[in-house]
Every structure is written in C-alpha cells, then in structure tokens.
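This report introduces a structure to a reader who has not met it before. It treats salt bridges, one helix and its surroundings, a surface patch and the contact between two chains.

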Amino acid sequence: MEQSKMAFGLKARDATGVLSPFSFTLRDKRDDDITLKILYCGICHTDLSTIKNEWGNARYPVVPGHEIVGVVTEVGSSVQKFKVGDSVGVGYYISSCLSCDNCKQDWENYCPKIVKTFNHSHPDGTTTYGGFSDKFVVNEHFAVRIPTNLPLDKVAPLMCAGITVYTPLKEHGLGQPGKHVGVVGLGGLGHLAVKFAKAFGAKVTVISTSTSKEKEAIEKLGADSFIVSRDPEQMKAAMGTMDGILDTASADHSLMPLIALLKIRGKLIALGGMTKPVEIGMFHLMLGAKIVAGSIIGGVKGIQEMLYFAEEHNITADVEVVGMDDVNVAMERLQKGDVRYRFVIDVANTITMSNSRI
Amino acid sequence: MAAAATEYGVKGSPETEHPRKAVGWAARDHSGVLSPFPFSRRNNGDCDVTIKILFCGICHSDLHSIKNEWKNTIFPIIPGTRTTCCKIFHVYLLYDPFAAGDLLSKVVLWTLFALYYSGYSFLREPEHKHEIVGIITEVGCNVQKFKVGDKAGVGCMVNSCHSCNSCKQGFENYCPRMILTYNSIDTDGTKTFGGFSDMIVVNEHFVIQFPENLPLDKGAPLLCAGITVYSPMKYFGLNEAGKHLGVVGLGGLGHVAVKFGKALGMKVTVISSSQRKEKEAIERLGADFFVVSSNTEQMKAAMGTMDGIIDTVSADHSLMPLLLLLKAHGKMIMIGLPEKPLELPVFPLVGGGKMVAGSCIGGIKDTQEMIDFAGKNDITAEIELIGMDYVNKAMERLVNADVKYRFVIDIANSLTAA
C-alpha cells in the first residue's frame with residue numbers, strides 16, 4: 001500500500017537561518033526508487049552556510065540535511081539493491097546523469113548534472129528537500145547500505161564528512177602505512193580524517209590554531225603528534241615532513257605555511273569551503289613539485305567502500321545527538337565550533353506534532 | 001650543496017681557481033649586459049667528460065637570473081658573508097620567510113636574505129646558460145656512456161647528492177643538494193659557470209646522449225624547455241593518446257609542449273593572450289584548437305574540456321579562467337616562473353577535484369628519454385640562430401617575447417670572434 005506522500009520537517013525561510021516546522025509533498029515515486037523513514041541526520045557546516053545564504057545560492061524555503069540514515073519502508077517494482085527494513089544512508093546528492101565520463105568512472109560527485117539532496121532542483125523543476133525531515137524518496141543507485149554493526153547515529157556523519165576525508169586519502173595515496181598525513185582543523189571533518197588516516201596505517205599530525213584540542217587529538221583520536229600553526233618553532237620543526245595535508249578548515253587562511261610542511265611532491269588537499277582566493281608563490285610549488293588540490297565528497301561506490309572500511313576498523317563519528325526542537329541552538333553552537341565533533345538529529349524519536357506541523 | 005663554500009680571493013679568481021683556461025661571456029651587474037669573461041674549468045676527473053660547446057640556447061630563466069628578478073642570483077657579496085649567505089641560500093630552499101610567524105624571525109630572515117642577494121664584490125653575475133650541446137673531447141677512465149667524438153648535451157644540472165629519495169627515484173631536479181649548471185656553488189666551493197663558454201667539464205651522469213638524427217642547434221633548447229614540459233606531462237599522465245591538453249602561452253616552453261602533445265596523439269588547445277599566434281599554432285605547430293584567453297565566448301565553450309593544462313606563462317595572470325577549462329580531476333601544471341605570488345581560487349579546485357602542481361625541469365633519466373623521443377619523432381625546437389655578438393640584443397628581444405621561439409647561440413663559430 002502506498003504510503004502518505006506528505007513529509008514533515010524543518011525549513012529555513014530566510015537568511016537568518018532560523019528553522020521552523022514545514023510540511024511538504026514528497027516527489028513522485030518511480031519504479032527504481034526506495035522510500036525511507038529517516039532515523040538520523042547529521043548537521044554539516046554546509047547546511048549552516050546554505051540556510052544563511054553565505055554562498056548566495058539559497059532557494060528558500062530550504063530544508064537542509066544531507067547526512068541521512070534511515071530504514072527502507074517501501075521499494076519500487078524494479079528495485080534490486082534493497083528490501084524493506086534495510087538500513088540505508090544518503091549523502092550529498094540524489095541524482096546524476098549516469099552516462100558522462102565522471103559517472104562512468106564512479107565519480108557521480110563530479111557529474112555536471114548532479115542533483116543535490118537539498119536546496120537544488122529535481123529534473124522536473126521541483127525543489128529538493130533534505131534530511132531534516134521524516135521521510136525521503138531516492139533512486140536506489142544513490143543510497144548505500146549501512147553495515148549492520150555500526151550505530152546509526154554515529155554513522156550518519158560519514159555520509160558527508162566521512163567520505164569527504166576518505167576520498168582524498170585513497171585517491172592521493174595518502175592512506176597507506178608509512179605515509180605522514182597532516183590534518184588541519186579538528187572538527188567534523190578533521191576528527192574523522194584522523195581516525196581514517198590512522199586506520200590506514202599512516203602517521204598523523206594534527207595542525208590546529210590552539211592547544212585546546214591537543215589532549216583529545218592524541219589520547220582520544222589517536223593522532224601521533226599535534227602542532228599549533230601559530231607557533232613558528234613547531235611549524236619550522238615540521239617543515240618538509242608530510243606526504244600530504246588534509247586541510248579541513250573552512251575559514252579563509254594562508255596556504256603557504258602549510259605548503260612548507262610538505263615533502264617534495266607533497267600534496268595539500270583543500271576540503272573546506274574557502275571562498276576567497278589565496279596567494280601562492282608558484283616558485284615554492286615548483287621547487288618542491290608540490291601540489292594543491294581540492295576534493296569534495298565522493299562517488300557512490302566510494303561511499304559504500306568507505307562504510308565497509310569503517311565497519312572493519314570500527315570507525316564512527318564522535319557525535320552529540322539533539323532533538324528536532326534543539327536544532328536552532330545546535331546551529332548557533334556549530335557557528336562557534338562548539339561541538340565535539342558533529343551534531344546528529346534524532347529525527348525519528350523527536351519529530352512530534354508540535355514541531356512537524358505548520 | 002656546497003658544504004664549505006669559499007670566497008673569491010681565497011681560492012683565487014674565476015680565472016685561476018681551476019687549472020684549465022676557459023672563455024665565456026658574463027653579465028656584470030643588474031643591467032644584465034653580457035661581455036667577454038675569462039675563467040677556468042676543473043681538470044677532467046675519472047667520471048667526467050669534457051665537451052667542446054657548439055651551441056647554447058637562451059632560456060627565459062636566464063633573463064630572470066641576469067636581471068636578478070628572482071633575487072637569488074649569486075651576485076656580488078660582501079667578502080666574509082659569503083659562507084653564511086650560501087648556507088642561508090640553501091636553507092631558503094627548505095624554509096619560507098612567509099611562514100615565519102613572529103616579527104623578529106621575519107626581520108632576521110629577510111635581513112640575511114637581503115645581505116646575500118644585494119652584497120657586493122668585484123665579481124658579479126657569472127656567465128650562465130644551460131641548454132648546452134657539443135662534442136665530447138675527453139672522457140675520464142671510469143666513463144661508460146660516452147667516447148670522444150660523441151654528440152652530447154648538458155641541461156640545467158651538473159650534480160646532485162645521489163642518495164636522497166628524489167635522486168634514487170630519478171628526480172635529481174628535486175634533490176635539495178642539486179647543483180645547477182650555472183649560478184650555483186659546486187661541491188668544491190667554486191661557482192658553476194654555464195654554456196656561454198667554449199667548453200665544460202661534467203660528470204657523465206648529468207650528460208645526455210644526443211640522437212644522431214637530431215640537429216644540435218635545434219635540439220639544444222630541448223635540454224631545458226623540452227624536459228620542463230616532458231617531465232610533468234609524463235608524471236601526471238598528460239601524455240596519453242586521446243587526452244586533451246591545454247597549453248597556456250606559446251613561447252619557448254609552449255611550442256615544445258604543443259609538439260610533444262601532438263606526437264603523443266593528444267588533442268592540443270593553445271590558450272594565448274593574443275590572436276596573432278593562431279595561424280602559427282594551428283598550421284605550423286599542429287595544435288588542434290586555439291583559444292584567446294580574453295575571449296569569454298571561446299573560453300566558455302572550452303570549459304570543462306581539458307584533462308590537463310601546462311601553464312608556461314611567467315607574467316602575472318589570472319588562474320580562475322584556466323581552472324574552469326579543466327575537466328573534473330583535471331590537472332594544471334605550473335612551469336612558468338612568475339616573479340610574484342599568484343592568486344589561486346580554491347573553490348573550483350574543491351568543487352571539481354582539480355589540482356595545481358608545480359614542476360621544475362626533470363630528472364636525468366627522463367631527459368634522456370625525452371631526447372630519444374624527440375629523435376624518434378623528429379621533434380626539434382623552433383629557433384633563431386645567432387652569434388655571440390648578438391646576445392645582448394637577443395636578451396632585449398626576449399624581454400619583449402620577440403622570438404619564434406628560442407634563441408640559440410652558435411658558440412663554436414662566434415664565441416672567440418666576438
């Protein structure tokens with residue numbers, strides 16, 4: 001029996017970013033779609049930047065959320081990958097062309113016709129609404145299976161933060177024993193970068209603007225060393241020692257001091273959303289054959305591989321679970337970086353009559 | 001590099017510090033004007049070869065050096081500070097004053113650099129040049145690769161440590177102790193002098209065998225320009241038939257990149273600031289397309305079409321429009337030598353999984369491979385052959401990029417006459 005097409009969630013209506021109850025119609029279901037009851041949804045900095053229109057691309061009302069974990073409640077007639085009851089995840093995109101070179105090489109994340117999970121348009125022109133809601137319809141290709149022994153609340157952030165750090169570790173050969181990986185910033189992305197890099201056998205140095213997170217980085221996350229970027233002695237001692245650096249910091253900052261930490265042929269991978277260009281002395285790149293690259297999320301195959309790797313190495317995010325009623329407060333705290341290290345909304349247990357009706 | 005740099009006056013002048021007389025041309029000050037310069041070369045060691053220089057190309061980096069545009073020319077130095085300054089120069093390769101955090105470190109570091117770079121002495125910028133071809137006239141007793149009479153070439157390097165990871169992997173060009181053919185301090189503490197001279201003595205490891213069929217004058221520029229484009233094209237996989245290569249700038253480096261790209265079966269688009277080079281790019285060099293960087297329609301049509309871009313431009317220029325030309329996972333390789341930092345937009349790198357990489361010449365193994373490839377495919381540089389007496393005029397024209405596409409000096413026939 002077809003379930004209700006109505007969904008309930010939270011929307012931002014303007015650049016204040018304040019979220020309020022919202023009900024909307026799910027898109028029409030196709031034969032290769034699955035429907036899921038959303039259990040948890042992580043809160044990513046991209047959600048915050050979008051609802052506040054920091055990038056000038058908000059299409060209000062915006063229902064954010066792209067670190068979605070849920071259980072399948074309905075499958076279309078041609079669905080092969082899943083059955084009702086399966087635990088699945090959905091990340092930053094819900095559609096791509098599946099025919100371009102990028103899609104064929106399992107890089108749906110770079111497809112020019114990608115459709116984002118939220119704040120975007122379906123091919124029919126209707127707006128995509130994300131995971132700060134109770135139900136979701138998605139083409140089976142773009143959903144991934146959650147391994148059974150991973151706790152769902154702690155897995156949700158892997159759907160964006162996890163794959164964002166996993167992909168460059170794999171693609172740039174940094175996730176290997178013997179490699180020395182620097183991780184700039186210890187937030188949602190950074191703490192997972194440390195966990196994944198350590199699981200790959202790499203040596204990890206966290207580079208942070210303050211010492212406040214040092215104990216946690218070493219003792220809880222397993223980093224091998226910790227340096228403060230504002231300490232010239234520590235930075236000098238680390239010069240020319242790193243095979244790669246995952247730069248998760250999204251605030252605008254200079255890359256030159258980080259480039260100096262790289263070995264010959266070292267790679268600085270930018271993962272944060274820096275909007276302003278940075279000055280680079282090309283001489284320094286050329287003398288050491290160094291690379292500045294960017295990376296964003298990953299392909300569907302990569303997300304699935306990442307989850308199996310996470311299962312094998314028992315990697316989950318460090319989360320603070322909040323209810324739907326607390327999302328605005330969580331957003332304010334996220335703005336200040338006051339979270340260790342990801343908020344996750346317990347959607348299923350906290351979406352109530354009071355917060356789900358207009 | 002030189003562990004015990006010595007100062008002029010301790011081992012003698014350039015004319016007397018080595019046993020074999022040599023003649024060359026040198027720039028004496030920041031004006032960059034070149035004039036005759038007597039100096040000396042070492043004896044031919046067991047692993048050395050001596051080359052009678054026949055031709056030498058002029059590279060844009062030579063212009064940067066003689067005008068001290070990169071502020072690293074071993075210019076006049078205050079006697080007594082040279083040892084310290086030499087060590088600082090090598091530290092510079094590892095440490096970046098931009099990275100110095102506190103004000104005191106910045107002041108100290110930049111003061112030391114200023115001393116090094118602006119020091120004075122009776123002897124100024126040595127002669128230089130590093131696209132050298134000639135004939136072997138002497139071989140040491142341990143030399144394996146060459147015999148007297150062989151055609152040979154020397155590029156940008158004459159020595160390295162042979163033991164670091166870069167050297168072991170065949171990338172001597174990234175060895176922290178790599179010694180340049182000119183403007184460098186050799187292991188014996190003396191300055192290296194380049195190819196604007198009648199002869200040179202080099203360790204055989206750093207000498208390239210020249211294919212018989214490759215003309216020496218047109219092949220000379222390949223020893224720097226050729227390897228500078230070939231090395232990153234190979235390393236980053238921008239050498240596969242069917243891939244689309246963008247070449248920014250059509251000068252000494254760019255025109256060779258087009259030729260290599262076409263020989264490898266790639267599709268090649270030249271991106272230039274001016275329409276006037278289009279006919280040449282397409283008809284003479286074989287490029288498939290030509291895009292004017294200021295033409296927004298053309299640039300838009302080319303967006304997201306290139307697997308890689310070789311950026312040969314040393315002038316200040318905008319990188320954003322070029323990054324947009326790349327496909328997802330595309331690679332932009334910077335081989336021009338801009339004097340000032342460039343602005344790099346990070347957003348398009350993140351959004352497309354793209355990269356910007358620096359590259360500087362190439363290792364010896366790749367240089368030999370490149371020359372052999374050029375010989376097999378009849379690839380040479382487009383040159384204007386000049387006499388030594390024309391070299392200052394050539395430098396002026398090079399400033400205005402008024403050459404198609406490389407000056408090569410006929411050393412053997414004009415050095416002593418001039």
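A residue is called buried when its relative accessible area is under 20%, exposed when that area is over 50%, and partly exposed in between. By this cut-off Asp86(A) is buried, because its relative accessible area is 10%. The model described here is a predicted one.

**Salt bridges**

Side chains of opposite charge can pair when their charged atoms come close. Over all chains, the count of salt bridges comes to 34. Three of these pairs are set out below.

| Acidic residue | Basic residue | Closest N and O atoms |
|---|---|---|
| Asp86(A) | Lys83(A) | 3.1 Å |
| Asp224(A) | Lys198(A) | 2.8 Å |
| Glu369(B) | Lys234(B) | 3.0 Å |

The pair of Asp224(A) and Lys198(A), with its closest N and O atoms 2.8 Å apart, joins two separate elements of chain A. Asp224(A) belongs to the loop between helix H6 (214–220) and strand E12 (225–228) of chain A, while Lys198(A) belongs to helix H5 (residues 188–199) of chain A, so the salt bridge ties together parts that are 26 residues apart in sequence. Asp224(A) is partly exposed, with a relative accessibility of 40%, and Lys198(A) is partly exposed as well, at 29%.

In the pair of Asp86(A) and Lys83(A), the two partners fall into opposite classes: Asp86(A) is buried, whereas Lys83(A) is exposed, with a relative accessible area of 54%.

In chain B, Lys234(B) forms a salt bridge with Glu369(B). This pair links distant parts of the chain, since Lys234(B) is in helix H6 of chain B and Glu369(B) in helix H12 of chain B, 135 residues apart. Relative accessibility is 29% for Lys234(B), which counts as partly exposed, and 31% for Glu369(B), which also counts as partly exposed. Elsewhere, salt bridges that share partners join Lys259(B), Glu280(B), Arg284(B) and Glu382(B) into one network.

**Helix H12 of chain B**

Helix H12 of chain B covers residues 364–376 and has 13 residues. From its first C-alpha to its last it reaches 18 Å, close to the 18 Å expected at 1.5 Å a residue. The buried residues of H12(B) include Ile364(B), Met370(B), Ile371(B) and Phe373(B). Among them are also Asp366(B), Thr367(B) and Gln368(B). Which elements do the buried residues of H12(B) pack against? They pack against strand E6 (157–159), strand E9 (207–209), helix H6 (225–235) and helix H7 (252–263) of chain B. Helix H6 of chain B thus meets H12(B) through this packing and through the salt bridge of Lys234(B) with Glu369(B). After H12(B) comes Asp378(B), whose phi is positive, near 50 degrees.

**A nonpolar patch**

On the surface, Met303(B), Met320(B) and Leu324(B) make a nonpolar patch of about 240 Å². Met320(B) is part of helix H10 (residues 320–323) of chain B and counts as partly exposed, at 36% relative accessibility.

**The contact between the chains**

Chain B places 42 residues in contact with 38 residues of chain A. About 3,500 Å² is buried between chain B and chain A, and carbon and sulfur atoms give 70% of this area. In chain B, Tyr174(B), His329(B) and Val350(B) lose the most area to chain A, together 17% of what that side buries. How many salt bridges are found across the interface of chain B and chain A? The rule finds zero there.

Note on methods. Residues are numbered from 1 along each chain as its sequence is written. Chains are lettered from A and ligands numbered from 1 in the order in which they are written. This is a predicted model: local features need pLDDT of at least 70, side-chain atom pairs count only at pLDDT 80 or more; totals for chains, interfaces and linings use all residues. Side-chain values use heavy atoms; hydrogens and water are left out. Patches are made of residues with over 30% relative accessible area and no salt bridge: like charges are joined within 9 Å, nonpolar side chains (Val, Leu, Ile, Met, Phe, Trp, Tyr) within 5 Å. Accessible areas come from the Shrake-Rupley method with a 1.4 Å probe; for residues, only the protein chains shown count as cover. A salt bridge is a side-chain nitrogen of Lys or Arg within 4 Å of a carboxyl oxygen of Asp or Glu. Helices (H or I, at least four residues) and strands (E, at least two) are DSSP runs, numbered from the N terminus. Buried means under 20% relative accessible area, exposed over 50%, partly exposed in between (1.4 Å probe, protein chains only). The expected span of a helix is 1.5 Å times one less than its number of residues. Contact means heavy atoms within 4.5 Å. Buried area is the accessible area (1.4 Å probe) that two parts lose on being put together, summed over both.
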